[in-house]
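Here are my notes on the model you passed along. Have a look at it first, then read the points with the structure open.

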Amino acid sequence: MTGWVYVGIISVGLIGWTFVLEDRIDYEHRLATWWLDGARGLGVATGPVSFIRSTLLLAIYCVVAWLGDLLATGLGHPLWALLLSGPAMLAYAPVVLAMAPLGGTAYRTWRSHLAAAGADPGQQRAIAWGAGPPALAGFGAVLFTLFTTFGV
């Protein structure tokens with residue numbers, strides 16, 4: 001099989017993992033509640049703080065993926081990267097898929113979870129617009145990790 005096939009299989013697996021988490025533990029609602037708890041009382045800083053928090057999550061993922069790449073380089077085979085980046089993808093992909101503005105439906109779904117957690121419309125908008133761009137970059141980072149691991 002080619003690298004593209006592995007990337008496709010793992011991508012579908014990560015999406016499936018996200019559906020399982022949503023079904024079993026309602027992770028999007030939990031994420032929205034956690035995110036909103038950290039944004040209460042911030043007023044106009046809600047958007048910038050959400051941007052910073054989302055960027056920090058992206059940075060943590062990138063550092064772990066980079067360490068996986070260093071491990072793979074040291075051990076001489078790119079698949080060793082999955083030892084570190086695999087669990088990082090399992091943790092980060094659901095966050096990315098919840099917050100990234102991958103389409104109008106995803107944006108509205110994230111806002112509806114924020115509303116269910118108690119966010120007013122201004123907070124919903126600030127959080128979604130603040131956290132969305134780094135989450136979208138995180139989507140690209142996960143794909144980049146897969147592409148480099150499987151030589152695509």
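1. In which helix is glutamine 124 found? Glutamine 124 is in helix H6, with helices (H or I, at least four residues) and strands (E, at least two) taken as DSSP runs numbered from the N terminus. Leaving aside neighbours within four places in sequence, glutamine 124 is in contact with Arg111, Leu114, Ala115 and Ala119; contact here means heavy atoms within 4.5 Å. Glutamine 124 has 10% relative accessibility, so it counts as buried. The classes are buried under 20% relative accessible area, exposed over 50%, and partly exposed in between, with a 1.4 Å probe and protein chains only.

2. Before going on, the ground rules. This is a predicted model, where local features need pLDDT of at least 70 and side-chain atom pairs count only at pLDDT 80 or more, while totals for chains, interfaces and linings use all residues. Residues are numbered from 1 along each chain as its sequence is written, and side-chain values use heavy atoms, with hydrogens and water left out.

3. On confidence: pLDDT is the predictor's confidence in each residue, from 0 to 100. The protein chain has a mean of 91, and 100% of its residues reach 70 or more. Among the elements, H3 has the highest mean pLDDT (94), and helix H5 (residues 104-116) has the lowest (88).

4. The fold is easy to write down: six helices and zero strands, running α-α-α-α-α-α from the N terminus on. Along the principal axes, the C-alpha atoms fill a box of roughly 50 × 25 × 25 Å. The radius of gyration is 16 Å, which agrees with the value near 15 Å for a compact globule of 152 residues. That radius is taken over C-alpha atoms, and the globule rule is 2.2 Å times the number of residues to the power 0.38.

5. Some totals for the protein chain. Buried residues make up 38% of the 152 residues. Of the contacts with a separation of 6 or more, 73% are between residues 24 or more positions apart. The accessible surface comes to about 8,000 Å², and 73% of that belongs to carbon and sulfur atoms; the areas come from the Shrake-Rupley method with a 1.4 Å probe, and for residues only the protein chains shown count as cover.

6. Glutamine 123 also deserves a look. Glutamine 123 lies in helix H6 and is buried, with a relative accessible area of 15%. Beyond its neighbours within four places in sequence, glutamine 123 is in contact with Leu36, Arg40, Thr46 and Gly118.

7. Now the rings. How many aromatic pairs are there? The count is five, where rings of Phe, Tyr and Trp (its six-membered ring) pair if their centres lie within 6.5 Å, and planes under 30 degrees apart are stacked, over 60 edge-to-face and the rest tilted. One of them joins tyrosine 6 and phenylalanine 150, stacked at 5.4 Å centre to centre with 20° between the planes. This pair links distant parts of the chain, 144 residues apart: tyrosine 6 in helix H1 (residues 3-25) and phenylalanine 150 in the segment after helix H6 (121-149). Tyrosine 6 is partly exposed at 33% relative accessible area, whereas phenylalanine 150 is buried at 17%.

8. Another pair is tyrosine 61 with tyrosine 92: the ring centres are 5.2 Å apart and the planes are at 20°, so the pair is stacked. Tyrosine 61 lies in helix H3 (residues 46-75) and tyrosine 92 in helix H4 (residues 82-99), so the pair ties together parts 31 residues apart in sequence. Both tyrosine 61 and tyrosine 92 are buried.

9. Back to the two chain ends. Valine 7 lies in helix H1 and is buried, with a relative accessible area of 5%. Leaving aside neighbours within four places in sequence, valine 7 is in contact with Leu146, Phe147, Phe150 and Val152. The C-alpha atoms of valine 7 and glycine 151 are separated by 9.7 Å, with their positions 144 residues apart along the chain.

10. Last, a backbone check. Aspartate 26 is found in the loop between H1 and helix H2 (27-37). Its phi is near 50°, a positive value in a residue other than glycine. Aspartate 26 counts as partly exposed, at 32% relative accessibility.
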